[in-house]
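Open the model in your viewer, keep the sequence panel beside it, and follow the stops below in order.

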Amino acid sequence: MKKKVRHLLGISGGKDSAALAIYMRNNYPDLDIEYYTSDTGKELDETYRLIEDLEIYLGKKIIRLSAASNSHETPFDHFLKMYGGFLPSSQARWCTNKLKLEPFERFVGDDLVISYVGIRGDENREGYISKKSNIQSIFPFRRNIWSEDVTMKAFGNQNISLLEEIFMSLNLENIEEQLIEIVRKPVSPRYTLDTKVSQLLESSIKGTNELIYGYLKTTDYPLAGDTSFPLLNNEDNLDRENIFQILEDSGIGIPKYYKELEFNTATKNGKYARSRSGCFFCFYQQKIEWVWLLEQHPELYGQAMQYEKDGYTWMQDESLEQLREPERVEKIKQDYLKKLERSREKTGSSLLVDILAESEGEGCASCFI
Ligand code: SF4
């Protein structure tokens, strides 16, 4: 008997996963999606509030996964103790493995799973996602909804005749003959897979999706077990602006920590915000975001400082004790204003969120999307 395929969507507390949950509920109400969140115990209150609001909107419980459900401590503190107080960093990111990926993989077990990920059409990354073979990631906000491993396998040169057969068996009346011409063209150093996939999607998104779906039926990928998949018709390609629109239109709104707030320096005023969800002390945040934390959530800044002991610090080049000195805060703000100016000239965008999001590609899908 064929195994049932589960459809999962992780809510990180960030704008993109929140928008994705809304988008899936509105566009694919018949998909029985299980929503979950992996709680580190160290998120901002704004994140917890967003999750509660989403539960009301979705009319469904968002399952709280906890990495240390039997511990009397928060999951982060529990594992920090296990690591002897060694703070995570971008080079030693034990937190995303222990607090996000492992609980998710336990939740999935051996089930066949489609995991919906909110990476947008204007991003060029896959994020830090599970690589287990029973978990297949789908990216509904992108023109190319498939993960890299799927397109690589499907359009490998060894599959050209298989894809031709699949093409012939499909009822693709309205689909251009051009599609099959592109399928027949072998990938080479001068004709890369990226170019081929782009040309296929340009020719027909639906046709390309049908071909990949047909190919998946010959594999062990989770989608091979489903009899239909409504996202084959999805032709959307959504960018940051679209995401904000989805959040606004739903009434949920943009997560509160994105709200731009005024700050002062000795010479001029500026605006700052936080650029992403995740733990309030996340080492991925920029210096100006630490200043934001210091000024907007001084108690949380104090808690983050408490973790800096035994020679471990959140940043390599300075401690939070040093960063909170008034001259240092002033310097960070001044540097940030200059960076903002440069970035405006470069990107033409005056949106703070665009500038803060420059480092958005870093980190894991479960924390920040
Ligand atoms: S938000 Fe940052 S600190 Fe928290 S689990 Fe993710 S990477 Fe680690």
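The tour goes from the whole chain to its domains, then to the ligand, one helix and three single residues.

**Before you start.** This is a predicted model, in which local features need pLDDT of at least 70 and side-chain atom pairs count only at pLDDT 80 or more, while totals for chains, interfaces and linings use all residues. Residues are numbered from 1 along each chain as its sequence is written.

**Whole chain.** Select everything, and the C-alpha atoms fill a box of roughly 70 × 50 × 40 Å along the principal axes. The radius of gyration (taken over C-alpha atoms; the globule rule is 2.2 Å times the number of residues to the power 0.38) is 23 Å, which agrees with the value near 21 Å for a compact globule of 369 residues. Colour by secondary structure to find 16 helices and seven strands; these are DSSP runs (helices H or I, at least four residues; strands E, at least two), numbered from the N terminus. Of the 369 residues, 38% count as buried, where buried means that 20 or more other C-beta atoms lie within 10 Å of a residue's own, exposed means 12 or fewer, and partly exposed lies in between, with C-beta atoms placed from the backbone.

**Two domains.** Next select 5–153 together with 210–250, which form domain 1, and then 258–368, which is domain 2; the bounds come from an automatic or database domain assignment. The C-alpha centres of domain 1 and domain 2 lie 26 Å apart.

**The ligand.** Which residues come nearest to the ligand? Of the 13 residues around the ligand, they are Cys95, Gly278, Cys279, Cys282 and Cys367, where a residue is near if its C-beta atom, placed from the backbone, lies within 6 Å. Both domain 1 and domain 2 supply at least three residues to this shell, and helix H4 (residues 94–108) gives the largest share, four residues.

**Helix H1.** Select residues 15–27, whose end C-alpha atoms are 18 Å apart, in agreement with the 18 Å expected for 13 residues at 1.5 Å a residue; the expected span is 1.5 Å times one less than the number of residues. Ten of the 13 residues of H1 are buried, so the helix is largely enclosed by the rest of the structure. Now show what its buried residues pack against: strand S1 (5–10), strand S2 (33–39), helix H2 (45–58), strand S4 (112–116) and H10.

**Asn157.** Go to the loop between helix H5 (148–154) and helix H6 (160–169), where Asn157 is placed. Is Asn157 buried or exposed? Asn157 is exposed, because 10 other C-beta atoms lie within 10 Å. Not counting residues up to four places away in sequence, Asn157 touches Pro186 and Val187, a contact being two C-beta atoms, placed from the backbone, within 7 Å.

**Lys256.** The loop between helix H10 (240–250) and strand S6 (261–264) holds Lys256, which counts as partly exposed because it has 14 C-beta neighbours inside 10 Å. Measure from its C-alpha atom to that of Ala304, 48 residues apart along the chain, and the separation is 20 Å.

**Trp292.** Finish in helix H11 (residues 287–296), where Trp292 lies. Trp292 counts as buried because it has 21 C-beta neighbours inside 10 Å, and, leaving aside neighbours within four places in sequence, Trp292 is in contact with Tyr272, Ala273 and Arg274.
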